[in-house]
Amino acid sequence: MTIEERLQQAAEQALASIDLMKKSILARAFRGELGTNKASALELLRQVLAEN
């Protein structure tokens with residue numbers, strides 16, 4: 001596999017992960033699970049990243 005192909009594959013995987021994170025955050029927002037303070041936002045980000 002060439003470097004370009006590996007970079008393309010890595011970029012596609014990153015975009016797929018970002019899409020999953022956005023969907024997860026939106027789902028939590030609609031369920032009212034998002035906090036308004038900084039600590040809650042950091043914890044949510046940790047949880048989303050751990051899921052992916």
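The exercises below, each with a worked solution, concern a predicted model of a protein chain.

**Exercise 1. Overall content**

Find how many helices and strands the protein chain has, and what share of its residues count as buried.

Solution. Step 1: the secondary structure of the protein chain consists of 2 helices and 0 strands. Step 2: the chain has 52 residues, of which 10% count as buried. Step 3: the exposed surface of the protein chain comes to about 4400 Å², and 61% of that is supplied by carbon and sulfur atoms.

**Exercise 2. The span of helix 1**

Check whether the end-to-end distance of helix 1 agrees with the expected span.

Solution. Step 1: helix 1 covers residues 3–30. Step 2: with 28 residues and 1.5 Å a residue, helix 1 should span 40 Å. Step 3: the C-alpha atoms at the ends of helix 1 lie 41 Å apart, which agrees with that expectation. Step 4: just after helix 1 comes glycine 32, with a positive phi of about 75 degrees.

**Exercise 3. Buried residues of helix 1**

Classify serine 24 and arginine 28 by relative accessible area, then list their contacts beyond four places in sequence.

Solution. Step 1: the cut-off for buried is under 20% relative accessible area. Step 2: serine 24 has a value of 16%, so serine 24 is buried. Step 3: arginine 28, also in helix 1, has a value of 9% and is therefore buried. Step 4: Met21 is buried in helix 1 along with Ser24 and Arg28. Step 5: an α-helix has 3.6 residues a turn, so residues three or four places apart point the same way. Step 6: leaving out residues up to four places away, serine 24 touches Val48 and Glu51. Step 7: with neighbours within four places set aside, arginine 28 is in contact with Glu33, Leu34, Leu44, Gln47 and Glu51.

**Exercise 4. The salt bridge**

Identify the residues that form the salt bridge, and state how exposed each of them is.

Solution. Step 1: searching the whole structure gives 1 salt bridge. Step 2: the partners are aspartate 19 and lysine 23, whose closest N and O atoms are 3.2 Å apart. Step 3: the cut-off for a salt bridge is 4 Å, so this pair qualifies. Step 4: both residues belong to helix 1 and are 4 residues apart, about one turn of the helix. Step 5: aspartate 19 has a relative accessible area of 32% and is therefore partly exposed. Step 6: lysine 23 reaches 52%, so lysine 23 counts as exposed.

**Exercise 5. Sequence and space**

Give the separation of serine 17 and leucine 49 in sequence and in space.

Solution. Step 1: serine 17 is placed in helix 1 and counts as partly exposed, at 29% relative accessibility. Step 2: in sequence, serine 17 and leucine 49 are 32 residues apart. Step 3: in space, their C-alpha atoms are 8.9 Å apart.

Notes. Residues numbered from 1 in each chain as written. Predicted model: local features only at pLDDT ≥ 70, side-chain atom pairs only at ≥ 80, totals over all residues. Heavy atoms only, no water. Buried < 20%, exposed > 50% of the residue type's maximum accessible area, 1.4 Å probe, protein only. Areas by Shrake-Rupley, 256 points an atom, 1.4 Å probe, with all protein chains shown as cover. Contact = heavy atoms within 4.5 Å. Expected span 1.5 Å × (residues − 1). Salt bridge = Lys/Arg side-chain N within 4 Å of Asp/Glu carboxyl O.
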